[in-house]
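This briefing looks at how charged side chains pair in the structure shown below, and at how much of the partners is accessible. Please keep the sequence at hand while reading.

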Amino acid sequence: MLTVFNQLPIGLVATKMASPESFQSAQFSRVNAKLSAISNSLHAPEPQVIGKLTRLSGMRLEVSGLRARIGARCWIETGYRKGVVAEVVGFENDELILMCEGAAAGLIPGARVTVLGDSESVIVGEQLLGRIIDGSGKPLDGLPDMSGESTPLRGDTISPMSRKTISEPLDVGVRAINSLLTIGKGQRVGLFAGSGVGKSTLLGMMTRFTEADVVVVGLVGERGREVREFVEESLGPEGLARSVVVATPADTSPLMRVAGCWRATAIAEHFRDQGKNVLLLMDSLTRFAQAQREIGLAAGEPPVSRGYTPSVFSTLPNLIERAGNVGAGSITAVYTVLVEGDDLQDPIADAARAILDGHIVLSRSMAEAGTYPAIDIEASISRSMLQITQAEQQENARLLKEAFATYRANQDLISVGAYRMGTDPKIDRAIGSQDAIKDFVSQSLSERVSFDEGLATLSQVANASLVTQSVEPVGHGMNPSVPQMPQTR
């Protein structure tokens, strides 16, 4: 009997030896342990914190009883399942300062306010190509909403040591820019001009003609009709197929205009991370600064320069510095800058000129004289040109600019006939080459000039400007019968 008992399995021996009470106790302990584990994995939902709208003044909303981070998006109820989305732009004591993303219609004192989320993300991917969206990512082209991979709206700061140098020229299809103001891949350039001089027109030419894998266009604060015109006339079906357009017209809120710039930049960053060469066109950087000024004033910032707040001048480099060469891809960015009153010393124009890698200035006088694009080659410069061009091109560009500048400096004397040919060889050469320089800068809207074609034409014009015309010296050929004025010492 003992031998048989020793041969039984251990579990069976324990079961046969244990009493019914101890067996039930062990079972209860096991069940209790499982219930405790399930209970610990469950978390009771935190009670929703609800704030109250206490004040509305202009675009400034004040909310009490709510805690949220700067940049958080909130929902303000205006009725049953109706409301307005606003963003936290500041706080004062225990009250939050908000600004609506859209119209503030329907808001009432004491309206309930809840937090939607801490930050906004941007949907990115190949499905964006050929699409037109607004500052919040909603489609404007009547096509369905998009879903997929997302990235933060404002991204991370790029380490200076992660950037690659600008070493390769970019063919933008515009003769004057390719030859005299060569842009490199990864360069940030500003297009400076007053209203009605041709910024958007030149931007459209660069959009159609530039050799880039992806084009991202940000139309910020412009007239609503220009969005459709830009898409249909400047881009066209072929250009739109490789482009993404983010449009926030002038009738949208300052938050949407600012978000449109950040969204366009985030989309361009995504394609750059895929190893593609991206052309980012932003029209305009001035509208972005003006929208940021409205946000800063609503948050209580003091104006420091022509009404612009300190946050404007700190936000500009944050936006512009996200372009450039990183990894295997590049973002070549062109920002238009609206110069108020054609004053290049405007605070935004001056700040942008200091941050960007070059500036292209459009001249109103040249535009009025019928030269398009009206590029002022004397006032424009590309800071990366010396690193990406050959010595011959640099010398030819210098000769052309010298002739243009010499003529401009003596234009008044030449116009009134006070200058006589033969007095100064440099002025003579400048006068003789003006027609060729004007023809060189001018270009049809539908004409694309390649990089090599532009260099060949530049060489011809520069060599022609070196030829001094054969002119009679001053005083030669005077009629001896005509009495001459006596010379006095």
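**Salt bridges in the predicted model**

In this predicted model, Asp-346 and Arg-306 meet through their side chains in a salt bridge, with an N to O distance of 3.4 Å. This pair links distant parts of the chain, since Asp-346 sits in the loop between β17 (329–338) and α10 (347–355), while Arg-306 sits in the loop between α8 (285–298) and α9, 40 residues apart. Asp-346 counts as buried because its relative accessibility is 1%, and buried means under 20%.

**A second link between distant parts**
- Arg-163 forms a salt bridge with Glu-321, and the closest N and O atoms of the two are 3.4 Å apart.
- Here too distant parts of the chain are linked, with Arg-163 in the loop between β9 (150–152) and β10 (169–170) and Glu-321 in the loop between α9 (310–320) and β16 (324–326), 158 residues apart.
- Arg-163 is partly exposed, with a relative accessible area of 24%, and Glu-321 is likewise partly exposed, at 32% relative accessibility.

**A pair within one helix**
- Glu-395 and Arg-398 join their side chains in a salt bridge of 2.7 Å, N to O.
- Both residues lie in helix α13 (residues 391–409), three residues apart, which is about one turn of the helix.
- Glu-395 counts as partly exposed at 36% relative accessibility, and Arg-398 counts as partly exposed at 41%.

**Network and total**
- Arg-55, Arg-60, Glu-62 and Glu-92 are joined into one network by salt bridges that share partners.
- Searching the whole structure finds 25 salt bridges.

Technical notes: Residues numbered from 1 in each chain as written. Predicted model: local features only at pLDDT ≥ 70, side-chain atom pairs only at ≥ 80, totals over all residues. Heavy atoms only, no water. Salt bridge = Lys/Arg side-chain N within 4 Å of Asp/Glu carboxyl O. Helix = DSSP H or I, 4+ residues; strand = E, 2+ residues; numbered from the N terminus. Buried < 20%, exposed > 50% of the residue type's maximum accessible area, 1.4 Å probe, protein only.
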